[in-house]
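Let's take a walk through this chain together, starting with the overall layout and then stopping at a few residues. Keep the 3D view open as you read.

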Amino acid sequence: MAEILSQSQIDELLNNLSSGDVNIQELEANEKKIKEYDFRSPKKITKETIKLLKGIYENYCRIITSRLTSMLRLMCDVTVEQVEESIFHEYNNALDDYVLMALIDVEYPDKTTADSQILMEISKPLSFVIIDRLLGGSGEEYENIRDYTDIELSLLGNMLKQLIRLMGSTWESTLDIGTELSKIETNSRFVQSINYNDTVLIIVLNVTVNQSSGKITICI
């Protein structure tokens, strides 16, 4: 039960407020913060698990920073921007209809393959910067965002295969898994390897290439 103030305590508090001895903003700052809880979508992933996965993908960022710099021959920087829990349909609905989405098979130590896949989505502006550089360009941003040609998808697929193989190695200290590119999907509505209402963890990586930046989003 909250403490009830006596009349003398109330008078003293009012006098202090009037004289400026007590700062009302400090009183408000000391009040307990109330956080809303959505019972329709309860949180299922613990803070410890989120912290663990953030550490895994921070290590992954360091590895693919080196690999991208070597592949593109430009200074690249990859960092973890955000790790959050979501529902798969919320994540999928937020995507554009046409995307660059890698579907990743996960192999367990007993050589069995996981029922659901890891998804890796690369933003279109970033993907076109990579394509430009792989084809001998300077790595400038491409203003006319369009669908990919078959040749461009082949180039991006070869790059993704290398990045995805490296993902499994970053899990070694936690779980000995293997990761391999299954296929590339360009329409997010066709992705059905994760159930519509499944809880997922979204890891957003910020990628800087040359003077351009973009996002890589990983959905587990």
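**A guided tour of the chain**

The chain has 6 helices and 6 strands. Following the sequence from its start, you will meet them in the order α-α-α-β-α-β-β-α-α-β-β-β. What you are looking at is a predicted model, so a word on confidence comes early. The mean pLDDT of the chain is 85, with 86% of its residues at 70 or more. Confidence is lowest in helix α2 (residues 24-29), where the mean is 58, and highest in strand β3 (residues 118-122), where it is 95.

Now for the chain taken as a whole. It has 220 residues, and 38% of them count as buried. If you take the contacts between residues at least 6 apart in sequence, 70% of these join residues at least 24 apart. The accessible surface comes to about 13,900 Å², and carbon and sulfur atoms account for 48% of that. As for cysteines, C61 is buried at a relative accessible area of 2%, and C219 is buried as well, at 0%. The count of disulfides, with sulfur atoms required to lie within 2.5 Å of each other, is 0.

A good place to begin inside the fold is helix α6, which covers residues 150-169. From its first C-alpha to its last, this helix of 20 residues reaches 30 Å, close to the 28 Å expected at 1.5 Å a residue. Its buried residues are E152, L156, G157, M159, L160, L163, I164, L166, M167 and G168. To read such a list, it helps to recall that an α-helix has 3.6 residues a turn, so residues three or four places apart point the same way. The buried residues of α6 pack against helices α3 (47-72) and α5 (124-134), and against strands β2 (98-107), β3, β4 (178-187) and β6 (212-219).

Helix α5 makes a natural next stop. There, K124, L126, S127, F128, V129, I130 and I131 are buried. The cover over these residues includes the helices α3 and α6, along with the strands β2, β3, β5 and β6. Just after α5, G136 takes a positive phi of about 95 degrees.

Next, let's turn to strand β1 (residues 76-87), where Q82 is found. Which residues does Q82 contact, once its neighbours within four places in sequence are left aside? They are I202, I203 and V204. Take I203: it sits 121 residues from Q82 in sequence, yet the two C-alpha atoms are 5.8 Å apart in space. Q82 counts as partly exposed, because its relative accessibility of 35% falls between the 20% and 50% cut-offs. Its side chain also joins that of E84 through a polar contact of 3.1 Å.

S86 lies in strand β1 too. Is S86 buried or exposed? With a relative accessible area of 14%, S86 is buried, because the cut-off for that label is under 20%. Beyond four places in sequence, S86 touches Y91, D198, T199, V200 and I202. The side chains of S86 and E90 are joined by a polar contact of 3.5 Å.

Helix α4 (residues 88-93) is home to N92. This asparagine counts as buried, at 8% relative accessibility. Setting aside residues up to four places away in sequence, N92 touches S188 and R189. With S188 there is a polar pairing to look for: a polar atom of the N92 side chain lies 3.0 Å from the backbone oxygen of S188.

Finally, two loop residues are worth a check of their backbone angles. R73 lies in the loop between α3 and β1, and although it is not a glycine, R73 has a positive phi of about 55 degrees. R73 is exposed, with a relative accessible area of 70%. N210 lies in the loop between β5 (199-209) and β6. N210 is not a glycine either, and its phi is positive at about 60 degrees. At 29% relative accessibility, N210 counts as partly exposed.

Notes:
Residues numbered from 1 in each chain as written. Predicted model: local features only at pLDDT ≥ 70, side-chain atom pairs only at ≥ 80, totals over all residues. Heavy atoms only, no water. pLDDT = per-residue confidence, 0-100. Helix = DSSP H or I, 4+ residues; strand = E, 2+ residues; numbered from the N terminus. Buried < 20%, exposed > 50% of the residue type's maximum accessible area, 1.4 Å probe, protein only. Contact = heavy atoms within 4.5 Å. Areas by Shrake-Rupley, 256 points an atom, 1.4 Å probe, with all protein chains shown as cover. Expected span 1.5 Å × (residues − 1). Polar contact = N/O pair within 3.5 Å; in protein donor to acceptor, adjacent residues only side chain to side chain.
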